[in-house]
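Please open the structure in the viewer and keep the sequence panel visible. The tour proceeds by selection, one stop after another.

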Amino acid sequence: LQESRHQRRVEPRRLPADAPNVLIVLLDDVGFGLPDTFGGEIHAPTLTRLAREGISYNRFHTTAICSPTRAALLTGRNHQRVGSGTIAERAVDWDGYTGVIPRTSATLPEVLREYGVKTSAFGKWHNTPADQTTRMGPFDRWPTGHGFDYFYGFLAGETSQWEPRLIENQTPIEPPHDPNYHLTEDMAERGITWLRQHEAFAPDEPFLMYWAPGGAHGPHHVASEWADRYKGKFDDGWDAYRERVFERQKALGFVPPDAELTPRADSMPAWDSIPEAERPFQRRLMEVFAGFVEHTDA
C-alpha cells in the first residue's frame, strides 16, 4: 500500500506516436492562376517546392471572400452553416450571416487541442464580429476563444504592413516604428520563435500552426525592389494574362484540355477600354501586387 501511494499517475495519450504536425498557410486574394507553380507568372519557389514534395488539388471550395472561406476552412463546414455567409463587418441578424461561429460547430484547433495538440495562429483572423474586436472584448470569439493556445496577428480584414494594429493573445500591441519593418517578415519570425519554444517545452506533442498573412490582401504594401522585378511583364494587360495562363495550365494538366475560359465579368473593364494615359498606373498596380505575392512566398 505504501509503495502504490507513491506511484505516478500515468497521463493518457490520445494520439498515436506518429501523429503529424499540421501547418496551414492561407494566402489572401491569391488566385489559382497567379503563382508559376500552377501556370501563372508570379515567381513562387517556396510554393513550387511544397507542391513537388506533396500533392496539389484543383477543386478546393473557396467562397471567394475572406471571413466565409476562413470559417469554412477552420470548421470543415459550409460557411453559411457556421454563421459566416459574408465578411464580419457586414454581418446582420439573419441565419447564416451573423458573423458568429456557433459553439455547436467546433473549430479544428478546438478539437485537436482536446487530443493534446499545441495550437497557434498568426496573422489575419477576420472571424470575430466587428463590434467585439475592441480591448473591452468579449474575447470568447477571438482566436484564443476558438481553440488557439497562442495568437499573434490582427483581428480585422486588413491592416497596414508597415504599421499594423496587432494583438498578442488578447493584448493590443503598439505599431512598430521601424523603417525596415514588414508584417509578413515579422510573422515568419514570430512563427519560428513559437516553433522553437514548442520544441523546447513540448517536444513530445504535435502542433497545429495556422499561418495567414495579410499578403496579398490590400493594402498592397511591399518594398519597391520586389515590385520592380515585374516591370514590363504585364504591359499587355489582364485579358492577355488570363488567356496565356489558361493555356499554360492546360499544358501542365491542372485544367482539363477541353475546358473553356470563363468570360470576363461585366463589372471588370476590358484592358482595351482603359485609356492609354491610365495604363501605366494600372500596370504598376499589377507589378506591385505581383511583388507582394512573391515577397509573401519568400
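The stops below cover backbone geometry, a helix residue and a surface patch.

**Before starting.** The coordinates belong to a predicted model. Residue numbers run from 1 along each chain, as its sequence is written.

**Stop 1: two cis peptide bonds.** Most residues other than glycine have a negative phi, and most peptide bonds are trans. Select Gly-215 and Ala-216 to see an exception: the peptide bond between them is cis, and its omega lies near 5 degrees. Ala-216 belongs to the loop that runs between strand 6 (207–212) and helix 6 (224–227). Next, select Gly-218 and Pro-219, which are likewise joined by a cis peptide bond. Here omega is about -5 degrees. Pro-219 is also placed in the loop between strand 6 and helix 6.

**Stop 2: Asp-29.** Move to the loop between strand 1 (22–25) and helix 2 (45–53), where Asp-29 is found. Although Asp-29 is not a glycine, its phi is positive, at about 60 degrees. Is Asp-29 buried, exposed or partly exposed? Its relative accessible area is 43%. Because that value falls between the 20% limit for buried residues and the 50% limit for exposed ones, Asp-29 is classed as partly exposed.

**Stop 3: His-126.** Now select His-126, in the loop between strand 2 (118–124) and strand 3 (150–154). This residue, other than glycine, has a positive phi near 60 degrees. His-126 has a relative accessibility of 2% and therefore counts as buried, the cut-off being under 20%.

**Stop 4: Arg-283.** Proceed to helix 8, which spans residues 279–297, and select Arg-283 within it. Why does Arg-283 count as buried? Its relative accessible area is 17%, and buried means under 20%. Which residues should be displayed around Arg-283, apart from neighbours within four places in sequence? Arg-283 is in contact with Phe-234, Asp-235, Trp-271 and Glu-276. Showing these side chains together with Arg-283 completes the view of this stop.

**Stop 5: a nonpolar surface patch.** Finally, select Leu-23, Val-25 and Leu-27 and switch to a surface representation. Together these residues form a nonpolar patch on the surface, with about 250 Å² of accessible area. Within the patch, Leu-23 is located in strand 1. Leu-23 counts as exposed because its relative accessibility is 54%, and the limit for that class is over 50%.

Key:
This is a predicted model: local features need pLDDT of at least 70, side-chain atom pairs count only at pLDDT 80 or more; totals for chains, interfaces and linings use all residues. Side-chain values use heavy atoms; hydrogens and water are left out. Helices (H or I, at least four residues) and strands (E, at least two) are DSSP runs, numbered from the N terminus. Buried means under 20% relative accessible area, exposed over 50%, partly exposed in between (1.4 Å probe, protein chains only). Contact means heavy atoms within 4.5 Å. Patches are made of residues with over 30% relative accessible area and no salt bridge: like charges are joined within 9 Å, nonpolar side chains (Val, Leu, Ile, Met, Phe, Trp, Tyr) within 5 Å. Accessible areas come from the Shrake-Rupley method with a 1.4 Å probe; for residues, only the protein chains shown count as cover. A salt bridge is a side-chain nitrogen of Lys or Arg within 4 Å of a carboxyl oxygen of Asp or Glu.
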